[in-house]
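Visitor: I am new to this structure, so please take me slowly through one part of it that deserves a close look. After that, I would like to hear about a few other places to visit.

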Amino acid sequence: MQEIQALRDRLSRLSAASLHINGSLDVNVVLQEVIDNARYLTNARYGVIASMDEVGGLDSVLTSGTTGDEHRQLMELPDGPRIFDHFSKIPGPLRVDNYHEFAESVGLDGWLPMTVFAGLSAPIKHLGEPVGIIWLGHSREDKEFSEEDVETLVMFGSQAAMVISNARRYRDEMRSRTDLETLISTTSVGVAVFDARTGAPVSTNREWMRIIDALLAPDEPSENLRETLTIRRADGRELHLANVPIDQLLKAGEKVRAEEMVFSVPDGRSITVLLNGNPILSEEGEVERLIVTMQDMTPLKEVERLRAEFLATVSHELRTPLATVRGSVSALLDEFSDMHPTEMRQFHRIILEQTDRMRALIADLLDVARIETGTLPVSPQPTDLAVLIGEAGNAFRIGGHRHNLSIDVPRDLPWVMGDKSRIIQVLGNLLTNAARHSPESSIIRVSATPGDLQVSVSVSDEGRGIPAESLPHLFRKFSRIETEEQGGDTGLGLAVCKGIVEAHGGRIWAESDGPGLGARFTFTLPTVEEVGFVSPAPSPQVSTPSTRRSAREQLRILAVDDDDQALRYIRDALVASGYVVVATGDPEDVPRLVEEEKPHLVLLDLMLPGVDGIDLMKEIVNAYELPVIFVSAYGQDQLIAKAFEVGADDYVVKPFSPTELVARIRAALRRRTTSEPSIPYVVGNLSIDYAERLVTLGGSPIDLTAIQYRLLVELSANAGRVLTYEHLLRRVWGSDGDADVRPMRTAISAIRGKLRDDAGNPTYIFTKLRVGYSMPKADMS
């Protein structure tokens, strides 16, 4: 009877403990009740309950019967995780008589902050998987745990497993609910739930309120829309909420699928939305709730507007050059027109310019399409960025822009991984964009700054600037900065730049302090170090005309021509042959460019606006002693003779091939290196001092052009020998043996005239008919 009564007492206490445990929703409170009741019913001195997290690690630990200091020390046990891991792997309950001896037998540290002898543990399992452990201990050596205690602990372990499982499920549900609420709150689609009985919104997200607020006046409550809102549906029907209560609309339970509607209020404000509506029915089939989603169509409408405007712009940009080309072709084909060759050449130039314009536009369109489909061809290779900046700058100057271009590139700029043609395309687009939005007299600056694993390139101008609200939209496909004077801008250039830069692994952005304060566009490219290469040491050769000088610099050619197409043709031909080209269409820039860029040779158009090419050549030759080659469409003998008479090194008649132009430049430069004797040449009254580059006749200086002086040096250096035409053409003009001898005869005639030497009875220069020329040997001192 006593055993039955004890069992009744135990069951009564277990039942009371279970009711107490289930009376709380806080998992830690419930688990604390579990361990407290387990310790009470087994008369244990100490109790510990530990739960696992989802990956099997220690989640939380609760103790019973310990002091605050003992609890803290227990939590800080160095071997605590190993103890937990060991007991969590035991499949069933475990009863030990001496915890310290047991711990040492299994390789654990048996020290605990409280005195423990007998111990009892049981796993906490849910669906066969461990989720924690529960442990009890006696502080007296004479006390042990019974089989009833084991059963009691296993029962409480089962309750703890249920508590932990429910807590996890509740936590997962709350986490999912929070994630869903966050998703709905931050989505770009407005979401609202309405009570069908009252018509009042139960819940709304942030985007829904933003759309509604766009229809409200400042400080106007949203409830007013029930009286003022008009909804125009896709079929043309209009619903006035003031006439049709919203609860009646909701109770109708109409399903709406992606219908475009216009919400408007009496003051004229409106917004177009794409709306979906879905009713939620009760068990009786009545509408209880209505879930409504709507998407603001304003951005899409703006894109459609920009797309239509873009198509109109592109159509105009294509029609205009086509009309120009057609008009030029019609004029050329007019059989009744007696057109001068110069006029015909002008029409040909117009056709070339306009077809280039169309080709550039079509290339941009294709690039944008490739960028959108991810098929833009980019082949990054180790590249000297300074060289690309220099080439882009020259191309910009040749393009007819009147802006002052300033390039600032450090000598030790690291190499980058880049597709040369694509990077030049980006630089060209940015320079053109800067020129389009800034006055001609302003400065456009290009700078490069090395970073840790990238190089930043900036193009800045002193133009109209960019409003802050426009900066985030500049690189979109149809984005443009609208101005009255802006023309020819399709809005594609910056979008292409963004696609190219990002394809290289860089980024691009724009900055501006506001309207009227200029703008700065910056993009980055990865350095070769980022992909495992090493930048070469700074080359002794120049990379840009104005920033890199050295003993072995690249040969620089100054090209002067008011024909943009001709300048572009010359530049492409010379750059391909390794020359650095400094180009200008303004003859007034020539003295400054010669001083700043120090070219090795000048290519000069004979017919320049506002200046005589002959006079400009005289100024160049007299002031700087540079070789000058005339490039002109006029090939009359008298013009050629005049050019050579005043000192031209060569004369190239348009049209010409790149091979011919490069060959003539090389010949002119080679003539400058003709060897000269160290001892002066003296015969009769003629004296040639090679060291001083001085020619005198009877003590009076003789003024010779550069080509005349070189011809006289070649003849005197070989005095006593007849130099053939072929020899002189090769040595002085750098031409082949079958080249035109007229420039040489003109130069000989001019020299004789200055030396007062009679060709019929010469003293200094003798003619060997159909062979060449010679000079007598020098007088013996």
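Guide: Before we look at any residue, one term is needed: a residue is called buried when its relative accessible area is under 20%, exposed when that value is over 50%, and partly exposed in between. By that scale Arg-693, with a relative accessible area of 41%, is partly exposed because its value falls between the two limits. Please keep in mind that what you see is a predicted model.

The part I would choose for a close look is helix 11, which runs over residues 341-373. Its 33 residues, counted at 1.5 Å a residue, should span 48 Å, and since the C-alpha atoms at its ends are 48 Å apart, the expected and computed spans agree. Along this helix the buried residues are Arg-349, Ile-351, Gln-354, Met-358, Leu-361, Asp-364, Asp-367 and Val-368. As you follow them, it helps to know that an α-helix has 3.6 residues a turn, so residues three or four places apart point the same way. Just after helix 11 comes Gly-374, whose phi is positive, near 75°.

A positive phi also turns up in residues that are not glycine, and Arg-693, met at the start, is one of them, with a phi near 55°. Arg-693 sits in the loop that joins strand 28 (686-689) to strand 29 (694-697). Another is Ala-258, which has a positive phi of about 45° although it is not a glycine; Ala-258 belongs to strand 10 (residues 256-264), and with a relative accessible area of 48% it is partly exposed.

On the surface, Glu-283, Glu-284, Glu-286 and Glu-288 come together as a patch of negative charge. Of these, Glu-288 lies in strand 12 (residues 287-296), and its relative accessibility of 39% makes it partly exposed. A patch of another kind, nonpolar and of about 270 Å², is formed on the surface by Leu-180, Leu-183 and Ile-184, and Leu-180 is part of helix 6 (residues 147-186).

To finish away from the surface patches, look for Leu-215 in the loop between helix 7 (206-213) and helix 8 (225-228), where a relative accessibility of 1% means that Leu-215 counts as buried. Although Leu-215 and Ile-271 are 56 residues apart in sequence, their C-alpha atoms are 7.7 Å apart in space.

Conventions
Residues numbered from 1 in each chain as written. Predicted model: local features only at pLDDT ≥ 70, side-chain atom pairs only at ≥ 80, totals over all residues. Heavy atoms only, no water. Helix = DSSP H or I, 4+ residues; strand = E, 2+ residues; numbered from the N terminus. Expected span 1.5 Å × (residues − 1). Buried < 20%, exposed > 50% of the residue type's maximum accessible area, 1.4 Å probe, protein only. Patch = residues over 30% accessible without salt bridge, like charges linked within 9 Å, V, L, I, M, F, W, Y side chains within 5 Å. Areas by Shrake-Rupley, 256 points an atom, 1.4 Å probe, with all protein chains shown as cover. Salt bridge = Lys/Arg side-chain N within 4 Å of Asp/Glu carboxyl O. Lys, Arg positive; Asp, Glu negative; His and termini not counted. Charge placed at Lys NZ, Arg CZ, Asp CG, Glu CD.
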